[in-house]
Amino acid sequence: TNVFADQLVKEANKDDSIVAITAAMPGGTGVGIFQKAHPTRTFDVGIAEQHAVTFAAGLAASGNIKPFCCIYSTFLQRGYDQVVHDVAIQNLPVRLIMDRAGFVGADGPTHAGSMDSTFLGCVPNMLLCAPADATELVHMTHTLVNINTAPTAMRYPRGSAGADPLPETPQFLEPGRGRVVHEQKGAGRKVR
C-alpha cells in the first residue's frame, strides 16, 4: 500500500491531472498518504463503491483527468456493473487500484480479494496487471499513469513489500509482455 501511495504521489507531483478516489478506505488503500500531498485532488465518497467507479468514469470522460479509483479488491464487486457499463464499454481510462488482492489474513474472509482477476479478466477493453514485487509495483503505477486509451486495473496483496531499494526512475512496462524470472538450461526430464 505504501509503495503504491508513495509512487502515486511522485507521479502526481509531475502530473496535475492525477486524482485519487476511494470509498471510505483512505488508510487501507494509501489514498490518505496521497491526500496529505494533494488534498484538493483527493476524493473519499464514503461507503459507495458504485459511486466511486462512476465518479471516476465521469472524470475520465472529461479527457483532462487521470482518475485512480482505489478500492479493496473484494469491495470492487459492489461496483462491477459500473466497471462494465460506465468504464469498460465506454473505453474510459479509469485506473482501478485493488488493494488486498488475494488472501488477507487478519482482515478475515470478507476482505479476501480472491475473485477480481476472474471478474475483470472478461471485461471488454480492460488491461489487468499484478506486480510480482515492490519494484514492479512502482513500474506498473507509472505505466498506468501513461495509459490513456483503455481502462486498467492493478491488483496487489496486503502486507509488506520487503526492503529492496525501489527504482528512482520508474519504467513504462509494455502491456501484454511479461518477464522471464527463470529459464531452464539444457534438457528437462521426461515424464512417463
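Trainee: Which element gives the most to the lining of the largest pocket?
Mentor: That's α8, with six residues. Keep in mind that this is a predicted model.

Trainee: Which elements give two or more residues to that lining?
Mentor: They are β5 (127-129) and α8 (134-145).

Trainee: How many residues line the largest pocket, and which lie nearest its centre?
Mentor: The lining has 20 residues. Nearest the centre are Met-140, Leu-173, Glu-174, Pro-175 and Arg-177.

Trainee: What classes are in the lining of the largest pocket?
Mentor: Nine residues are nonpolar, six are polar and five are charged. The space in this pocket comes to about 470 Å³.

Trainee: What volume does the second largest pocket have?
Mentor: About 320 Å³. It is lined by 18 residues, and Thr-1, Val-3, Gly-159, Ser-160 and Ala-161 are the closest to its centre.

Trainee: Which elements give two or more residues there?
Mentor: α1 (2-14) and α8 do. The largest share, three residues, is from α1.

Trainee: And the classes in the lining of the second largest pocket, what are they?
Mentor: Nine nonpolar, five polar and four charged.

Trainee: New topic: the core. Which residues touch the most other members of the largest nonpolar core?
Mentor: Cys-69, Ile-71, Leu-76, Val-94, Leu-96 and Leu-120. That core has 28 residues.

Trainee: Which elements give two or more residues to this core?
Mentor: The strands are β1 (18-22), β3 (66-72) and β4 (95-99). The helices are α4 (49-61), α5 (73-76), α6 (80-88) and α7 (116-121). The largest share, six residues, is from α4.

Trainee: Leaving aside neighbours within four places in sequence, what is Leu-96 in contact with?
Mentor: Its partners are Cys-69, Leu-76, Val-83, Met-126, Thr-152, Ala-153 and Met-154.

Trainee: What other core lies apart from the largest one?
Mentor: One of 21 residues, including Val-9, Phe-34, Cys-70 and Ala-134. In soluble globular proteins, nonpolar side chains tend to be buried together.

Trainee: You mentioned Cys-70. How many disulfides does the structure hold?
Mentor: Zero.

Trainee: Why does Cys-70 have no bond to the closest cysteine sulfur?
Mentor: Because that sulfur, in Cys-69, is 6.9 Å away, too far for a bond. The cut-off for a disulfide is 2.5 Å.

Trainee: Is Cys-70 buried or exposed?
Mentor: Cys-70 has 0% relative accessibility, so it counts as buried.

Trainee: What about Cys-122, buried or exposed?
Mentor: Cys-122 counts as exposed, because its relative accessibility is 57%. The cut-off for exposed is over 50%.

Trainee: Where is the closest cysteine sulfur to Cys-122?
Mentor: In Cys-129, 17 Å from the sulfur of Cys-122, so it is too far for a bond.

Key
Residues numbered from 1 in each chain as written. Predicted model: local features only at pLDDT ≥ 70, side-chain atom pairs only at ≥ 80, totals over all residues. Heavy atoms only, no water. Core = buried A, V, L, I, M, F, W, Y, C linked by side-chain atoms within 4.5 Å. Buried < 20%, exposed > 50% of the residue type's maximum accessible area, 1.4 Å probe, protein only. Helix = DSSP H or I, 4+ residues; strand = E, 2+ residues; numbered from the N terminus. Contact = heavy atoms within 4.5 Å. 1 Å grid on protein atoms, 1.4 Å probe; cavity = no way out; pocket = protein on both sides within 12 Å on 5 of 7 lines; lining within 4 Å. Points joined across faces, edges and corners; volume = space filled by probe spheres on them. Nonpolar A, V, L, I, M, F, W, Y, C, P; charged D, E, K, R; others polar.
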